[in-house]
Amino acid sequence: MIAWKSFWQDEMTPWDKGGVSPALIELVVEKGFKLPDGRGLVPGCGRGYDVFYLANERRHILGLDLSEVAIELCKQRKKELGINSSIVDFQTGDFFTFEIPKGGFQIVYDYTFLCALDPSIRPEWANRTAELISPGGILIALMYPLNEREDGPPFTLSKQM
C-alpha cells in the first residue's frame with residue numbers, strides 16, 4: 001500500500017500543481033461540456049482545487065481523501081473562502097469503504113485517482129464507481145498518464161485501461 005498519508009504529512013506532494021487541473025478547465029470551458037447539477041464526488045481530492053471548481057449553488061461536491069492532512073488543508077481553504085457546506089464538503093475516508101449517500105452521486109470526477117491505484121485493483125475501482133453513480137449520473141475520468149511506465153504511481157493507463 002502506498003503511504004499517501006505520510007506524503008502529505010511530510011509535504012512531499014509533487015503531483016500538487018497548485019490549481020485546478022488544466023484538463024478539467026479544457027473540458028468545461030474550451031469544449032463546453034455541460035456538468036450535471038446535484039451531488040458530486042472527487043476521490044483523492046488532495047487540496048481540493050477541483051472540488052472548489054466544480055461546486056456551485058446547484059452542484060454540491062464532496063472531496064474525499066485518505067489523508068487527514070489534505071482534508072484539513074481543504075477545510076481551512078473552505079473557511080477562508082467562506083464557502084457553505086451546502087456547496088462543498090470534505091471527508092477523510094477510503095474510497096472503497098466510505099458510506100455512499102442515499103441517491104448516490106450525479107457526477108464522479110477522477111483525474112489522478114485511478115492512475116494512483118495499483119492496476120491490480122482497477123476492477124474494484126470500476127465496481128465501486130458503478131455503485132457510486134446514480135442512474136443518469138456521469139463519470140468523468142481524465143486519463144493520465146497514457147505513456148508507458150515501468151512502475152508508479154502514477155501507473156500507466158490506456159483507453160482500454
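In this predicted model, the side chain of Ser-134 makes a polar contact with the side chain of Gln-106, at 3.3 Å. Ser-134 is found in strand β5, which covers residues 133-141, and with a relative accessibility of 10% it counts as buried, because the cut-off for that class is under 20%. Leaving aside residues up to four places away in sequence, Ser-134 touches Gly-103, Gly-104, Phe-105 and Gln-106, so that the partner in the polar contact is also one of the residues it touches.

Phe-105 and Gln-106 lead the reader to strand β4, which spans residues 105-110 and is mostly covered, five of its six residues being buried. Strands β4 and β5 pair in the parallel sense over five bridges, and within this pairing Val-108 has Leu-139 in β5 as its bridge partner. Strand β4 is also joined to β1, again in parallel, here by two bridges; Gly-40 is matched in this case with Ile-107 of β4.

Gly-40 can be followed further, to strand β2. Six bridges join β1 to β2, and these two strands run parallel; the bridge partner of Gly-40 in β2 is Ile-61. Strand β2, made up of residues 59-65, is mostly covered, with six of its seven residues buried. Gly-40 therefore has a bridge partner in β2, namely Ile-61, as well as one in β4, namely Ile-107, and the parallel pairings can be traced from β2 to β1, from β1 to β4 and from β4 to β5.

The loop between β3 and β4 holds Pro-101, which counts as partly exposed at 25% relative accessibility. Although Pro-101 and Leu-132 are 31 residues apart along the chain, their C-alpha atoms are separated by 8.6 Å.

These strands belong to a chain whose secondary structure comes to five helices and five strands, and from the N terminus on the elements run α-α-β-α-β-α-β-β-α-β. Of the 161 residues in the protein chain, buried ones make up 39%, while the accessible surface comes to about 9,100 Å², with 52% of it belonging to carbon and sulfur atoms. Among the contacts in the chain with a separation of 6 or more, 69% are accounted for by residues 24 or more positions apart.

Charged side chains offer another way through the model, which holds five salt bridges. One of them links Arg-77 with Glu-80, the closest N and O atoms being 3.5 Å apart. Both residues lie in helix α4, which covers residues 68-81, and because they are three residues apart there, they are separated by about one helical turn. Arg-77 is partly exposed, with a relative accessible area of 40%, whereas Glu-80 is exposed, with a value of 59%.

Helix α4 also takes part in a salt bridge between Asp-89 and Lys-78, whose closest N and O atoms are 3.8 Å apart. This pair links distant parts of the chain, with Asp-89 in strand β3 (residues 88-92) and Lys-78 in helix α4, eleven residues apart. Lys-78 is buried, its relative accessible area being 11%, while Asp-89 is partly exposed at 30%.

A further salt bridge joins Lys-31 to Glu-26, with 3.4 Å between the closest N and O atoms. Lys-31 is exposed, with a relative accessible area of 60%, whereas Glu-26 is partly exposed at 32%.

How far the predictor trusts each part of the chain should be kept in view when these details are read. The mean pLDDT of the protein chain is 86, and 79% of its residues reach 70 or more. Confidence is lowest in helix α1 (residues 4-9), where the mean is 62, and highest in strand β1 (residues 38-43), at 97; the latter is the strand that is joined to β2 by six bridges and to β4 by two.

Notes
Residues are numbered from 1 along each chain as its sequence is written. This is a predicted model: local features need pLDDT of at least 70, side-chain atom pairs count only at pLDDT 80 or more; totals for chains, interfaces and linings use all residues. Side-chain values use heavy atoms; hydrogens and water are left out. A salt bridge is a side-chain nitrogen of Lys or Arg within 4 Å of a carboxyl oxygen of Asp or Glu. Buried means under 20% relative accessible area, exposed over 50%, partly exposed in between (1.4 Å probe, protein chains only). Helices (H or I, at least four residues) and strands (E, at least two) are DSSP runs, numbered from the N terminus. Contact means heavy atoms within 4.5 Å. Accessible areas come from the Shrake-Rupley method with a 1.4 Å probe; for residues, only the protein chains shown count as cover. A polar contact is a pair of N or O atoms within 3.5 Å; within protein, one must be able to donate a hydrogen and the other to accept it, and residues adjacent in sequence count only if both atoms are side-chain atoms. pLDDT is the predictor's confidence in each residue, from 0 to 100. Two strands pair if DSSP finds at least two bridges between them.
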